[in-house]
Amino acid sequence: MVSTSDHDRRDRHRVHGTGPITIGDDVFLGQNVVVLGGVSIGDGATVAAGAVVNSDVAAGAVVGGVPARELGVTA
């Protein structure tokens, strides 16, 4: 899921933008990944299944977890 909006905490009918999402070339997103607004994922990065990406991912990085954290880099 890639989402660039969120709802107001008090009035769930009010929706606001959270920022653009940029996904680079040759990025692998595993199943059930959530990418939140305002995030950039660099070229060649790998995001493990089920990860929640709430901050930028460097090019070539391997990330996973909730929230996603760097686990290594691709060779």
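Me: Which residue in S10 is the bridge partner of Gly-64?
Reply: First, a word on the model: it is predicted, so local features need pLDDT of at least 70 and side-chain atom pairs count only at pLDDT 80 or more, while totals for chains, interfaces and linings use all residues. Residues are numbered from 1 along each chain as its sequence is written, and side-chain values use heavy atoms, with hydrogens and water left out. Two strands count as paired if DSSP finds at least two bridges between them. S9 (residues 61-64) and S10 are joined by four bridges and run antiparallel, and the partner of Gly-64 in S10 is Arg-69.

Me: How many strands does the chain have?
Reply: Helices (H or I, at least four residues) and strands (E, at least two) are DSSP runs, numbered from the N terminus. Reading the elements from that end gives β-β-β-β-β-β-β-β-β-β. Zero helices turn up, and the number of strands is 10.

Me: What is the order of the strands in the open sheet of four?
Reply: The pairs can be taken in turn. S4 and S7 (residues 46-47) run parallel, joined by two bridges, and two bridges also join S7 to S9, again in parallel. S9 and S10 run antiparallel. The pairing is mixed, and the order is S4-S7-S9-S10.

Me: Which are the edge strands of that sheet?
Reply: Look for strands that pair on one side only. In the order S4-S7-S9-S10, the edge strands are S4 and S10 (69-73).

Me: How many of the five residues of S10 are buried?
Reply: A residue is buried at under 20% relative accessible area, exposed at over 50% and partly exposed in between (1.4 Å probe, protein chains only). S10 lies largely in the open, because its number of buried residues is zero.

Me: Which residue in the turn between S9 and S10 has a positive phi?
Reply: S9 and S10 form a hairpin with four residues between them. Ala-61 of S9 has Val-73 as its bridge partner in S10. In the turn, a positive phi of about 105° belongs to Gly-65.

Me: Which residue in S9 does Val-47 stand opposite?
Reply: Contact means heavy atoms within 4.5 Å. Not counting residues up to four places away in sequence, Val-47 touches seven residues' worth of neighbours that include Phe-28, Leu-29 and Ile-41. Across in S9, the residue opposite Val-47 is Val-63.

Me: How many residues make up the largest nonpolar core?
Reply: A nonpolar core is a set of buried Ala, Val, Leu, Ile, Met, Phe, Trp, Tyr and Cys residues joined through side-chain atoms within 4.5 Å. In soluble globular proteins, nonpolar side chains tend to be buried together. Here the largest core includes Val-33, Ile-41, Val-47, Val-53, Val-63 and Ala-68. Its full count of residues is 12.

Me: Is Leu-29 buried or partly exposed?
Reply: Leu-29 lies in strand S4 (residues 28-29). Leaving out residues up to four places away in sequence, Leu-29 touches Ile-23, Ile-41 and Val-47. Because its relative accessibility is 31%, Leu-29 counts as partly exposed.

Me: What separates the C-alpha atoms of Leu-29 and Ala-48?
Reply: Along the chain, Leu-29 and Ala-48 are 19 residues apart. Next to Leu-29 in sequence, Phe-28 has Thr-46 as its bridge partner in S7. The C-alpha separation of Leu-29 and Ala-48 is 6.6 Å.

Me: Is Ser-3 buried or exposed?
Reply: Ser-3 sits in the segment before strand S1 (5-7). Beyond its neighbours within four places in sequence, Ser-3 is in contact with Thr-18, Ile-21, Val-35, Leu-36 and Gly-37. Since its relative accessible area is 18%, Ser-3 is buried.

Me: How far apart in space are Ile-21 and Pro-67, C-alpha to C-alpha?
Reply: Ile-21 lies in the loop between strand S2 (15-17) and strand S3 (22-23). Its contacts, leaving aside neighbours within four places in sequence, include Val-2, Thr-4 and Val-39. Ile-21 and Pro-67 are 46 residues apart in sequence, and their distance in space is 17 Å.

Me: What share of the residues of the chain counts as buried?
Reply: The C-alpha trace spans about 45 × 20 × 15 Å along its principal axes. Of the 75 residues of the chain, the buried share is 24%.
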